[in-house]
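Reader: I am new to this structure and would like to learn how to read it. Please take the features one at a time.

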Amino acid sequence: MTGATAPASRMDADPEQACPIAPVVDIVFSRWTTPILWALHEYGRHRFVELERRLLTITPKVLTQRLRQLERDGLVVRTYHPEVPPRVEYEISDLGRSLAPLFATLADWSTANLDKVDEARLAYDVRDRPRTRRP
């Protein structure tokens with residue numbers, strides 16, 4: 001192998017290169033992204049206040065930040081209507097809609113496995129809870 005460089009091991013690789021889905025997880029699975037995309041996919045176009053009402057515990061500041069990021073990522077389309085009063089609507093883009101099979105698969109996994117996750121957590125907590133010493 002004269003003149004050739006050895007390929008980097010997985011241990012030396014950038015985490016995003018070692019795990020090709022990491023960038024997707026960063027984009028799609030941040031705290032509020034999934035509920036926003038789900039609401040827009042499931043219920044269609046929404047005004048800001050409608051989304052805010054649908055996602056009961058999100059703050060206006062966080063909703064604004066997430067919608068801007070989703071628009072920037074191409075997953076949401078923002079439409080401004082120059083009326084009096086002005087109206088802005090948000091809808092899922094074709095790119096965002098392309099995530100539907102992924103969400104459907106995750107929903108199926110959730111239905112089939114979340115009880116098992118809860119059982120594993122309970123078993124772990126019982127097995128590994130701190131033991132107190134008796135004098």
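Author: We begin with a term: a salt bridge is a side-chain nitrogen of Lys or Arg within 4 Å of a carboxyl oxygen of Asp or Glu. Some ground rules follow. The model is predicted, so local features need pLDDT of at least 70 and side-chain atom pairs count only at pLDDT 80 or more, while totals for chains, interfaces and linings use all residues. Residues are numbered from 1 along each chain as its sequence is written, and side-chain values use heavy atoms, with hydrogens and water left out.

Reader: How many salt bridges does the structure hold?

Author: The general idea is that side chains of opposite charge can pair when their charged atoms come close. The structure holds five salt bridges. In one of them, glutamate 83 pairs with arginine 87, with the closest N and O atoms 2.7 Å apart. Arginine 87 also meets glutamate 89, at 2.9 Å from N to O.

Reader: Are glutamate 89 and arginine 87 buried or exposed?

Author: Buried means under 20% relative accessible area, exposed means over 50%, and partly exposed lies in between (1.4 Å probe, protein chains only). Glutamate 89 and arginine 87 are both buried. Glutamate 83 counts as partly exposed because its relative accessibility is 36%.

Reader: Where does the salt bridge between aspartate 94 and arginine 97 sit?

Author: Helices (H or I, at least four residues) and strands (E, at least two) are DSSP runs, numbered from the N terminus. Aspartate 94 and arginine 97 are three residues apart in helix H6, so about one helical turn separates them. Their closest N and O atoms are 2.7 Å apart. Aspartate 94 is exposed at 63% relative accessibility, and arginine 97 is partly exposed at 35%. Elsewhere, salt bridges with shared partners link Arg45, Glu83, Arg87, Glu89 and Glu91 into one network.

Reader: What is the order of the strands in the sheet?

Author: Strands of a sheet pair through backbone hydrogen bonds, either parallel or antiparallel. Here two strands pair if DSSP finds at least two bridges between them. The chain has seven helices and three strands, and the three strands form an open antiparallel sheet in the order E1-E3-E2. Strand E1 (46-47) and strand E2 (76-81) are at the edges with a single partner strand each, so one side of each has no neighbour in the sheet. Two bridges join E1 to E3, and arginine 47 stands opposite glutamate 89 in E3.

Reader: Which residues does serine 93 contact, leaving aside its neighbours within four places in sequence?

Author: Contact means heavy atoms within 4.5 Å. By that rule, serine 93 touches Gly74, Leu75, Val76 and Val77, with those neighbours left aside. Serine 93 lies in the loop between strand E3 (87-92) and helix H6 (94-97), and it is buried, at 8% relative accessibility. Its side chain reaches the backbone nitrogen of leucine 95 at 3.3 Å, and a polar atom of that side chain lies 3.0 Å from the backbone nitrogen of glycine 96.

Reader: Where is valine 25, and is it buried or partly exposed?

Author: Valine 25 is in helix H2, and it counts as partly exposed because its relative accessible area is 37%.

Reader: How much of the protein chain do buried residues make up?

Author: Of the 135 residues in the protein chain, 21% are buried.

Terms used: A polar contact is a pair of N or O atoms within 3.5 Å; within protein, one must be able to donate a hydrogen and the other to accept it, and residues adjacent in sequence count only if both atoms are side-chain atoms.
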